[in-house]
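Reader: I am in my first year, and I would like a close look at one part of this model rather than a tour of everything. Could you take one helix and its surroundings and explain with care what lies next to what?

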Amino acid sequence: MLVLGVESSCDETSVAVVKDGKEVLSNVINSQIDIHKRFGGVVPEVASRHHVYQVSMIFEETLSKANVKPEEIDLVAVTIGPGLIGSLLVGVNAAKTFALLYHKKIIGVHHLAGHIYANAIEHEMHFPAVALLVSGGNTELIYMKDHFSFEVVGETLDDAVGEAYDKVARVVGLSYPGGPAVDRLAHLGKDTYALPRVYLEENSYNFSFSGLKSAVINLVHNANQRNESINRENLCASFQASVCEVLVAKTLKLAKEKQVQQIIVAGGVSANQGLKERFMKENTEFELCIPSIRYCTDNAAMIAVAGYYQFQKFKKEDDLSLNAYASLDLEELYEI
């Protein structure tokens, strides 16, 4: 089964062809990082305009690299949310146009389901499982009894972890995107600054990063007021240690409580080397799945794979009234 995946939820325009939910024949990604870097973050209107410029060429390049004709595609899977509404609409309308033109089945896929199923490309998924989803817009702990069974057990009460990384990077003078830059400096420093580990109330699986972010901002501000220098490497190492300690501790606690077979780490922040190292150090009990870096950030291969498993599970396609949604609840969309 050949699935054409389309992803345009933020600032990457991506189209992929995946065979049988496993073999990636092509996965073309056009990133806008250099465009948004001068703004210090993604500008929604700018992002959607560049999707419009790129999307037709990305479709053509993807099919060419996969050596697949449009007529050979069996299913079109497209991200319908959550994300930037202008960006999402470009991908959804491009996918619907392709499906209409070539008489293909089409299904809408939740962006976060895509991140989770990026792991299925290189790993076999075993259930029950716990998924830690960490990205610029989301931080969630999800319990999965089976394919496309999502129970959100914990989530951030304020900032997403990736958002906290970007804000801390800006405070210490690092360029956008901040996550990779903080991770790189963290490996050059040591955990020497006393930053809080926020666990919230007992037995809570929710997260909070606003206090940690504020602690970093206050530390830098007070040092500047006293004309004291800040060791950026040590500050990044201390910040990352605080974040990773809490993420890993809560994930392992839930995995033990639910007696799962597998821990899945997904989302853009799953590319963080410090997080991987913390899991490798602390986890001795569960099979750990983390995608390769090329599948951690937004890409269409993950949407194609999720679309494949979604279609296998529900045996249901969408029609051409399919729409995009800036906010989209993962549990409600796949409620069985």
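Author: Valine 168 is buried, with a relative accessible area of 2%, where buried stands for under 20% relative accessible area, exposed for over 50%, and partly exposed for what lies in between, with a 1.4 Å probe and protein chains only. This is a predicted model, in which local features need pLDDT of at least 70 and side-chain atom pairs count only at pLDDT 80 or more, while totals for chains, interfaces and linings use all residues. Residues are numbered from 1 along each chain as its sequence is written, and side-chain values use heavy atoms, with hydrogens and water left out.

Valine 168 belongs to helix α5; helices (H or I, at least four residues) and strands (E, at least two) are DSSP runs that are numbered from the N terminus. If residues up to four places away in sequence are not counted, valine 168 touches Val216 and Phe239, a contact being heavy atoms within 4.5 Å. By contrast, isoleucine 293 is 125 residues away from valine 168 in sequence, and their C-alpha atoms are 22 Å apart in space.

Phe239 leads to the partner helix, since it is one of the residues of α8 that meet α5. On the α5 side of this contact are Val161, Ala164, Tyr165 and Val168, and on the α8 side are Phe239, Gln240, Val243, Cys244 and Leu247. Sorted by class, this contact has eight nonpolar residues, one polar residue and no charged ones; here Ala, Val, Leu, Ile, Met, Phe, Trp, Tyr, Cys and Pro count as nonpolar, Asp, Glu, Lys and Arg as charged, and the others, Gly among them, as polar. The axes of α5 (residues 161-171) and α8 (residues 232-258) come within 12 Å and cross at roughly 175°, where axes are lines fitted to C-alpha atoms, for helices over the stretch in contact, and angles run from 0 to 180 degrees between N-to-C directions. The two helices are therefore roughly antiparallel to each other, because angles over 145 degrees count that way, whereas those under 35 count as roughly parallel, 65 to 115 as roughly perpendicular and the rest as oblique.

Cysteine 244, which is among the α8 residues that meet α5, deserves a word of its own. A search of the whole structure finds zero disulfides, a disulfide being a pair of cysteine sulfur atoms within 2.5 Å. For cysteine 244, the nearest cysteine sulfur is that of cysteine 236, 12 Å away. Cysteine 244 counts as buried, at 4% relative accessibility.

Helix α8 also has a sheet as a neighbour. Five strands make up this open sheet, in the order β8-β7-β6-β9-β10, and the pairing is mixed; two strands are said to pair if DSSP finds at least two bridges between them. In general, strands of a sheet pair through backbone hydrogen bonds, either parallel or antiparallel. At the edges are β8 (151-155) and β10 (287-289), each of which pairs on one side only, and from one strand to the next the twist averages 20°. Helix α8 packs on this sheet and touches β6 (129-134), β7, β8 and β9 (262-266), with its direction making about 160° with that of β6. Within the sheet, β7 (residues 139-144) pairs with β8 in the antiparallel sense over four bridges, and leucine 141 has glycine 154 in β8 as its bridge partner.

Finally, it helps to follow the chain beyond each of the two helices. Between α8 and β9 there is a loop that holds glutamine 259, a residue that is exposed, with a relative accessible area of 66%. Glutamine 259 has a positive phi of about 55° although it is not a glycine. The loop between α5 and α6 (178-186) contains proline 177, and the peptide bond from tyrosine 176 to proline 177 is cis, with omega near -5°. Both features stand out because most residues other than glycine have a negative phi, and most peptide bonds are trans.
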